Amino acid sequence: QVQLVESGGGLVQPGGSLRLSCAASGSIFSINDMGWYRQAPGKQRELVAAITSGGSTNYADSVKGRFTISRDNAKNTVYLQMNSLKLEDTAVYYCNAGAYYRGTYYPGDPWGQGTQVTVSS
């Protein structure tokens, strides 16, 4: 079982940047596909970005060109670099260990506690 701990959230002005980190422990991190989700107040949790164990990535249309997901298997950590942040990026961001199947990312049971990202002027 993988345990996940997110960090790096905070308050940032529109146009600013943040880098989220998700530290994983308790399993063989390098074989897991990983995803970042977010949930804004009153909205469903949505997949923002995902990365395969081999490093292939996919993004939601709303963040393409602004967010970058990456992983460092030596550190058991996955990152989400967020640039050109917008007001609508405000949400709690969650890390997840899941799996790709036929090109679609499916979330697994391990979720982090979430980290708040607030974009405000």
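The following paragraphs describe the overall fold of a predicted model and then turn to a disulfide, a hairpin, a buried asparagine and two residues with positive phi.

The secondary structure of the protein chain consists of zero helices and 11 strands, so that, when the chain is read along its sequence, the pattern is β-β-β-β-β-β-β-β-β-β-β. The C-alpha atoms occupy a box of roughly 40 × 25 × 25 Å along the principal axes. For 121 residues, a compact globule would be expected to have a radius of gyration near 14 Å, and the value of 13 Å found for the protein chain agrees with this expectation. Of the 121 residues, 44% count as buried, and the accessible surface of the chain comes to about 6200 Å², with 47% of that area belonging to carbon and sulfur atoms. Among the contacts between residues at least 6 apart in sequence, 56% join residues that are at least 24 apart.

The model contains one disulfide, which joins Cys22 to Cys95 with an S to S distance of 2.1 Å. This pair links distant parts of the chain, since Cys22 belongs to strand β3 (residues 18-25) and Cys95 belongs to strand β9, 73 residues apart. Both Cys22 and Cys95 are buried. The torsion about their S-S bond is about -80°, and the disulfide is therefore left-handed.

Strand β9 (residues 91-101) also holds Asn96, the residue that follows Cys95 in the numbering. Asn96 has a relative accessibility of 0% and therefore counts as buried, the cut-off for this class being under 20%. The side chain of Asn96 forms a polar contact of 2.7 Å with the side chain of Tyr105. When residues up to four places away in sequence are left aside, the residues that Asn96 touches are Leu4, Asp33, Met34, Gly35, Tyr37, Tyr105, Pro107, Gly108, Pro110 and Trp111. Tyr105 thus appears both in the polar contact and in the list of residues touched by Asn96.

A further part of the fold is the hairpin formed by β7 and β8, which have four residues between them. Strand β7 (residues 67-72) and strand β8 (residues 77-82) pair in the antiparallel sense over six bridges, and one of the bridge partners can be named, in that Asp72 is matched with Thr77 in β8. The side chains along β7 alternate: those of Phe67, Ile69 and Arg71 point to one face and are buried, whereas those of Thr68, Ser70 and Asp72 point to the other face and are not buried.

The loop between β7 and β8 includes Asn76, which has a positive phi of about 50° although it is not a glycine. Most residues other than glycine have a negative phi. With a relative accessibility of 25%, Asn76 counts as partly exposed, because that class lies between the limits of 20% and 50%. A positive phi of about 50° is also found at Arg102, which is likewise not a glycine. Arg102 is located in the loop between β9 and β10 (104-106), and its relative accessibility of 76% means that Arg102 counts as exposed. The two residues are therefore assigned to separate classes of accessibility, Asn76 being partly exposed and Arg102 exposed.

Notes: This is a predicted model: local features need pLDDT of at least 70, side-chain atom pairs count only at pLDDT 80 or more; totals for chains, interfaces and linings use all residues. Side-chain values use heavy atoms; hydrogens and water are left out. Helices (H or I, at least four residues) and strands (E, at least two) are DSSP runs, numbered from the N terminus. Buried means under 20% relative accessible area, exposed over 50%, partly exposed in between (1.4 Å probe, protein chains only). A polar contact is a pair of N or O atoms within 3.5 Å; within protein, one must be able to donate a hydrogen and the other to accept it, and residues adjacent in sequence count only if both atoms are side-chain atoms. Contact means heavy atoms within 4.5 Å. A disulfide is a pair of cysteine sulfur atoms within 2.5 Å. Two strands pair if DSSP finds at least two bridges between them. The radius of gyration is taken over C-alpha atoms; the globule rule is 2.2 Å times the number of residues to the power 0.38. Accessible areas come from the Shrake-Rupley method with a 1.4 Å probe; for residues, only the protein chains shown count as cover.
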